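Visitor: I would like to learn how to read a surface patch and a helix face. Please show me the structure.

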Amino acid sequence: FYGVKGFRTFITGAVVLIIAGVIGSFIGDKAHLLFFLTEWRNSPLDYYFYYITLLGEPHGFIMFGILLWTISWKRMLTVPIAGGIVTLVSFILKQLFQSERPVLYLEKMGWDGPLSVLDYHIVTGHTSFPSGHSMAAWALFTLMAAHIRKPWFSILCLFLATSVSISRVYLVVHFLRDVVAGAMVGIALGYGIYFYYKKLVERKPLKD
């Protein structure tokens, strides 16, 4: 029961955040969150989002893969599998939608506000939708919350996944709708991988 309650905490929080994100995506200009965040930039936030965004890259998968390995090597295997699937799905969807990056959109508007954060590379082109980092983070932390079913850990996973999503807008590489779509796909992929992992283990139990 405790484990079910722990993962339910994550799912409930994720649903609330997704709903809020979807609603926010339809309010005003598609770059409204980006404009809002640029007004609140400061040194601590610059450094926080500069580094927290790395959790949506191999750094995050390695770090939490090692954490999961200390619990079960079988569970750890789901982390690189998730990374590979997310990379493939993200690439396919980006090629399918061919959505312009914020910097191109801002140039058309004649935006003269701040762009770069520290020395973070500003990404251009038409690969904005959906956010691969957001997808990766939510897939990873959905998987982690499903494996480690504790309320406090689920809250931590929600916080970290949300931080990665916000970081992509803060760093001017995605719009809100990009990170919301990435989160939705990531949650589905993360839970799907966990579901099939459980099905495989229950059908053919293995020793840790």
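The dialogue below takes up a nonpolar patch and then helix 6.

Guide: This is a predicted model, where local features need pLDDT of at least 70, side-chain atom pairs count only at pLDDT 80 or more, and totals for chains, interfaces and linings use all residues. Residues are numbered from 1 along each chain as its sequence is written, and side-chain values use heavy atoms, with hydrogens and water left out.

Visitor: Which residues make the nonpolar surface patch?

Guide: Patches are made of residues with over 30% relative accessible area and no salt bridge (a side-chain nitrogen of Lys or Arg within 4 Å of a carboxyl oxygen of Asp or Glu); nonpolar side chains (Val, Leu, Ile, Met, Phe, Trp, Tyr) are joined within 5 Å, like charges within 9 Å. Areas come from the Shrake-Rupley method with a 1.4 Å probe, and for residues only the protein chains shown count as cover. Here Ile62, Ile66, Trp69, Trp73, Leu77, Ile81 and Ile85 make a patch of about 700 Å². Helix 4 (58-69) and helix 6 (78-97) each give two or more residues to the patch.

Visitor: Where is Leu77 placed?

Guide: Helices (H or I, at least four residues) and strands (E, at least two) are DSSP runs, numbered from the N terminus. Leu77 lies in the loop between helix 5 (73-76) and helix 6.

Visitor: Which residues of helix 6 are buried?

Guide: Buried means under 20% relative accessible area, exposed over 50%, partly exposed in between (1.4 Å probe, protein chains only). In helix 6 the buried residues are Thr78, Val79, Ala82, Gly83, Val86, Ser90, Leu93 and Lys94. They cover an arc (of the directions from the helix axis to the C-beta atoms) of only 130°, so they are on the same side of helix 6. Thr87, Leu88, Phe91 and Leu96 are exposed on the other side.
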